[in-house]
Amino acid sequence: MFKIRRRPPTALLLLPLKKAYVNGSVLGEGTYFNPGESDVRETVYYATYDITDLLNTDSDTDCENAVTILLGNGQYTNYSIHRQSGRYYKTDDARSESETEGEYGEVKALAQVVITYTDGTIEVIGTDDTWSFVESPITENSWYGGEDYDATLLIEGWNDISPEIPRSEWGNASLVTENIPTGTLTAREFEPIGIIESDTIESEDITVTLLSEEDGMCTYLVDMGRNGVGFPEITVNTATAGLKITMYPAEVSDMTGYNGHINQASCTQSDSDNGNLIYDTYTTDDSGVQTWHPTFCYHGYRYLEVVVSSEITLSSENFKGYILRTENDKNGSFACSDETLNTINLLTERSIESNMYSVFTDCPQIEKLGWTETAHLMFYSMSQTYDLRSWIPKLLQNMADSQYDSGLLSAIAPEYYKIGTLYEDLNWNGSLIFTAWEYYEVYKDATIFTDELYETMDSYMDYLDNNVARDYLIYSGQMGEWGEMTDYGTTPVVLVESTAYYRLANCMANIADLMENDADVMRYKTLAANIKTAFHENTTCYNDEYLYGNGTQSSYGCVLYSGIYLDENEDEAVSRLVAAIEDADYHLTSGEVGLKQVFSALATHGQNEIVYKMIMNDTMPSYKYSCKIYLLNLL
């Protein structure tokens, strides 16, 4: 509680936390998971709000106002505290406690109200031990496993100044003296995560089927009509308190699944339950019509298995689905006369949006982690449709914050997890350089290259030179051509990594040129030239049999995209790429690293008709085949 002496023209609330209210009104209406993920040892984001119009003021008397904060766990608390049994969580982190010290901790809040009065004086009211706290109706929330809400525990008016609330019975907040985030307090300049209204799933798109009724409980299968990322909202009408509704989200409805009706294997990395489920629960009060959705978690799902007391009958009218993503403006679109291509574009956009969160996740249903390679592999696909000018700098800061003392950049940023055998690879660790350069190519904004960012990039290149490269080539890469269709051969790691090394050197020469660092321009141009020479002296990379690599699509795609080829070999490399595609009957065989490079190499060398044949192939693997499966699922 605080009092306003006179009406202020300006009042701001700064919040590096989750959800806050002033006099019962939520700040940042329609936004979630504020203020944004980061490695709090380096950067702590906060959000600001103009709360002037929410204040109780009077020109003659003191007026009370209430600021209240609802805290959620997020990644910060989940890792070390909330690995509770019965819910899914990530388990494959490979770091010691000393390596993660300060990155995780218990929930905590830092807030202040800045009041500027009409006479120019400023008053600051901040969080301290005069604040009070009470447990909320959210009895459990897991970033991965779901959320529990017990409406019988709700204190009506808890977030307002209602005099009926017995705040004298609440506990006193404690000042944090240990495990204090050491990162720089930084204003959030990127867009928040919000509900995308155009993609909200309405009840008419939802089907509800009663599957069973036993022991006073009913089980329903709810089909939201599309795979999406966000959360479901349920509305029930009951005067009975204490009825528990449990909702299990899943991508797949499988009557043979381990849970009987849905299968969460694609969401939990497990083919059996093993106390490893994802679920949300809502416990009713006696108020009649009640509407609820999770506050501090989200899911990648299409189906819900809902278990509820037989006192409550469910239909499509009881459900609504919300699609969430970072609110980057959508400023591009695609449409043509071919519905297959339109569907491919739709599925691509949905895939991008499903991962467009505070970090660019690689999958929203399992990991929710910022694997770094996706930012540059998907950059041009994203930037043709979305305005990334506030979001990408944030991702770059995540990457820079996660750099090791050795100079190595992480494969996941923020590095909430480190997968033991999947953390060092140029196409992942080098994403900071690739993504920053692609950002410049699209937006022509050289201010992205600050001295601090350049120093981080330069130290990573030094790390490669001192610890990884051997005679200007990179022979190791834990991911390599990740996800490649190996029936057609496995692209040599040295080729995938060394072409990436060559691209990194050229990017750094270009960036140094923008920063007018002539010495580094020459240093990196010389490095690129040495890599190219060594590449053509290595028989795994350059040979008489295949020309480049071992004849896979990615062998030629990586070489052509990087520009490392000899001029006299360019036409032959393109011809062999086309031949490799024809040998696969125009199917995709590349992994995620080579896919962008194969398509780009074909397009820039006048082979768009080959790209079209690959995309429109009727059989697996192809984009058209994926569309056929999508359309069948909607029938």
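**Figure 1. Surroundings of Phe-296 in the predicted model****.** Phe-296 is placed in the loop that joins β25 (288-292) to β26 (299-309). With a relative accessibility of 3%, Phe-296 counts as buried, because buried means under 20% relative accessible area. Apart from neighbours within four places in sequence, the residues in contact with Phe-296 include the lysines Lys-18 and Lys-19, together with Phe-33. Leu-70, Leu-71 and Gly-72 are also in contact with Phe-296, as are Ile-138, Asn-141, Trp-143 and Glu-147. For Gly-72, the C-alpha to C-alpha distance to Phe-296 is 5.8 Å, although 224 residues separate the two in sequence.

**Figure 2. Surroundings of Pro-414 in the loop between α7 and α8****.** The loop shown runs between α7 (391-401) and α8 (426-429), and Pro-414 has its place there. The relative accessibility of Pro-414 is 2%, and Pro-414 therefore counts as buried. When residues up to four places away in sequence are not counted, Pro-414 touches Glu-37, Ser-38 and Asp-39, among others. Val-359, Asn-398 and Ser-402 are also touched by Pro-414. Between Pro-414 and Ile-122, which are 292 residues apart along the chain, the C-alpha separation is 36 Å.

**Figure 3. Helix α11 and the position of Cys-507****.** Helix α11 comprises 22 residues and spans 32 Å from its first C-alpha to its last, close to the 32 Å expected at 1.5 Å a residue. The helix is mostly covered, with 17 of its 22 residues buried. Cys-507 lies in this helix and, at 10% relative accessibility, counts as buried. Outside the range of four places in sequence, Cys-507 touches Ile-433, Phe-434 and Trp-437. Met-378 lies 129 residues from Cys-507 in sequence, and the two C-alpha atoms are 17 Å apart in space. Just after α11, Glu-516 adopts a positive phi of about 55°.

**Figure 4. Packing of helix α11 against helix α12****.** Helix α11 (residues 493-514) and helix α12 (residues 518-537) pack with their axes 8 Å apart and at an angle of about 160°. Because this angle is over 145 degrees, α11 is roughly antiparallel to α12. The two helices have a left-handed crossing. From α11, the contact involves Leu-495, Ser-498, Thr-499, Tyr-501, Tyr-502, Ala-505, Asn-506, Met-508, Ala-509, Ala-512 and Asp-513. From α12, the residues met are Asp-520, Val-521, Tyr-524, Lys-525, Leu-527, Ala-528, Ile-531, Lys-532 and Phe-535. Classified by residue type, this contact between α11 and α12 holds 13 nonpolar, three polar and four charged residues.

**Figure 5. Packing of helix α10 against helix α12****.** Helix α10 (residues 451-468) packs with α12 at an angle of about 35°, and the axes are 13 Å apart. The crossing of α10 and α12 is left-handed. On the α10 side, Tyr-454, Asp-458, Met-461 and Asp-462 form the contact. Their counterparts in α12 are Asp-520, Arg-523, Tyr-524 and Leu-527. By class, the contact of α10 with α12 contains four nonpolar and four charged residues, and no polar ones. Asp-520, Tyr-524 and Leu-527 of α12 appear in the contact with α10 and also in the contact with α11.

Definitions and conventions:
Residues numbered from 1 in each chain as written. Predicted model: local features only at pLDDT ≥ 70, side-chain atom pairs only at ≥ 80, totals over all residues. Heavy atoms only, no water. Axes fitted to C-alpha atoms, helices over the stretch in contact; angles between N-to-C directions. Helix = DSSP H or I, 4+ residues; strand = E, 2+ residues; numbered from the N terminus. Parallel < 35°, antiparallel > 145°, perpendicular 65-115°, else oblique. Left-handed = near helix turned anticlockwise from the far one by under 90°. Contact = heavy atoms within 4.5 Å. Nonpolar A, V, L, I, M, F, W, Y, C, P; charged D, E, K, R; others polar. Expected span 1.5 Å × (residues − 1). Buried < 20%, exposed > 50% of the residue type's maximum accessible area, 1.4 Å probe, protein only.
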